[in-house]
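This report describes selected features of one protein model. Please look over the sequence and the structure before reading on.

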Amino acid sequence: MTKLIDRRSLLKTAGASAALAGFGLSAPAVHSANEKVVRYLGTATTMGSEIDKKLFEDTGIKVKYIPVTTDEVTKRVLTQPNSFDIVDTEYFSLPKLVPSGNILGMDSKRIKEFDNISTTHTLGEIGGKKIGDQGTAPKKVFYLKDEKSSEFSPEPTRWATLIPTVFNADTLGIRPDLIKRPISTWAELLNPEFRGKASILNIPSIGIMDAAMVVESMGEYTFPDKGNMTKKEIDLTINILIEAKKAGQFRALWNEFNQSVNLMASGEVVIQSMWSPAVTKVRSMGIPCIYQPLKEGARAWGAGMAFPRTLKGRKLDAAYEFVNWYTSGWAGAFLFRQGYYSGVMDTAKQHMESYEWDYWMLGKAATQDIKGPD
């Protein structure tokens with residue numbers, strides 16, 4: 001496992017501060033007036049001691065972490081917008097955050113790599129081809145009407161909500177040595193063949209989407225938009241899960257990164273909702289584990305950095321400097337090596353070897369050993 005804390009490994013973890021200390025992410029409690037210190041609110045998704053060190057070397061900026069759960073990030077933005085300088089959040093949270101008026105529009109003219117941000121976010125396309133936009137697709141919530149607007153703009157403006165850090169897509173993890181046959185569909189999660197050996201994650205905003213993928217692949221129902229379900233659609237989805245649970249389908253429901261690793265590594269579970277770094281963790285133990293491509297596709301996610309409306313002056317300048325450093329490539333390449341995609345591909349590529357880029361981005365076979373961030 002890399003020294004970078006996984007984007008969700010701190011979720012539902014009461015000892016988040018202790019966890020950060022264990023990963024070398026401590027920050028001084030007292031700072032001089034001349035120091036550039038950025039208070040960083042988030043789940044420690046896209047930061048780590050190596051990134052901290054390089055950031056300070058290049059900019060002199062120190063990071064003071066405010067590590068909380070995903071739900072707590074939302075609460076802080078809504079109730080304490082003056083308690084942080086940058087918030088690391090996900091696009092699906094923006095419909096709750098922006099209407100509060102507590103998110104400051106980010107000036108695209110002050111973001112050096114703005115025009116190079118991945119078109120998956122700005123246009124909802126890859127290589128000119130439109131991609132699925134169910135749920136809170138970034139392009140739907142990428143722009144504000146003006147700097148301090150509490151409304152999204154359907155058309156591009158000067159003011160952005162989030163500058164993306166990383167994005168990816170999640171699927172099922174499987175133990176091929178214990179299943180011993182091909183797996184190609186989300187419906188397999190509720191296949192009675194795996195009764196007592198399956199698991200699904202118990203984080204509402206994510207788990208319900210996995211469940212909807214299963215429901216569709218089973219042929220039970222086709223959702224017009226999985227990310228905007230009606231009450232009847234929610235009831236249908238939850239009832240199918242309840243029946244499966246009553247029938248003993250699930251060995252456990254998990255809500256924390258290490259739980260999923262332990263379930264899979266022990267062999268108690270052979271198929272489950274999983275995240276890429278968790279699969280890597282199991283494999284690093286010498287245990288077969290596959291992040292399985294499925295014919296229906298995967299559940300996408302994306303994260304980024306935003307400013308609170310209260311930010312101004314030198315603090316605002318430091319926050320823009322932080323974002324510009326982060327998107328300049330070194331951090332993007334670092335996170336690429338963990339299997340995440342950088343929000344600014346071009347600069348990340350400049351900090352990667354050609355064989356690394358070919359493996360992580362183009363899906364080519366490795367021509368030499370592929371190493372993680374650490």
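## A buried loop residue

A residue is called buried when its relative accessible area is under 20%, and exposed when that area is over 50%. The model described here is predicted.

S108 lies in the loop between β5 (106-107) and α5 (119-122). Its relative accessibility is 17%, so S108 counts as buried. Leaving aside residues up to four places away in sequence, S108 touches F114 and R158.

## Nonpolar cores

In soluble globular proteins, nonpolar side chains tend to be buried together. In this model the largest nonpolar core contains 53 residues. F307, F322 and Y326 are the residues with the most contacts inside this core. Helix α11 (residues 313-326) supplies eight residues, the largest share of the core. Another core lies apart from it and has 40 residues, including A212, M213, A244 and M274.

What does F322 touch, not counting residues up to four places away in sequence? The list is V38, Y40, M47, L55, I61, V63, I86 and M305.

## Strand β14 and its partners

Strand β14 (residues 299-308) is mostly covered, with nine of its ten residues buried. Three pairings of this strand are described here, beginning with strand β3 (residues 86-90), which runs antiparallel to β14 and is joined to it by four bridges. In this pairing, V87 stands opposite A306 of β14.

Strand β4 (residues 103-104) also runs antiparallel to β14, and two bridges join them. Here L104 is placed opposite F307 of β14, and F307 is one of the residues with the most contacts inside the largest nonpolar core. Strand β9 (residues 163-174) is joined to β14 by six bridges, again in an antiparallel arrangement. A169 has A300 in β14 as its bridge partner.

## Helices α2 and α11

How do the axes of helix α2 (residues 49-59) and α11 cross? They come within 11 Å and cross at roughly 115°. Angles of 65 to 115 degrees count as roughly perpendicular, so α2 is roughly perpendicular to α11. The crossing of the two helices is right-handed.

On the α2 side, the contact is made by I51, K54, L55, D58 and T59. On the α11 side, E321, F322, W325 and Y326 take part. L55 of α2 is also among the residues that F322 touches. F322 and Y326 are in turn among the residues with the most contacts inside the largest nonpolar core.

Key:
Residues numbered from 1 in each chain as written. Predicted model: local features only at pLDDT ≥ 70, side-chain atom pairs only at ≥ 80, totals over all residues. Heavy atoms only, no water. Core = buried A, V, L, I, M, F, W, Y, C linked by side-chain atoms within 4.5 Å. Buried < 20%, exposed > 50% of the residue type's maximum accessible area, 1.4 Å probe, protein only. Contact = heavy atoms within 4.5 Å. Pairing = 2+ DSSP bridges. Axes fitted to C-alpha atoms, helices over the stretch in contact; angles between N-to-C directions. Parallel < 35°, antiparallel > 145°, perpendicular 65-115°, else oblique. Left-handed = near helix turned anticlockwise from the far one by under 90°.
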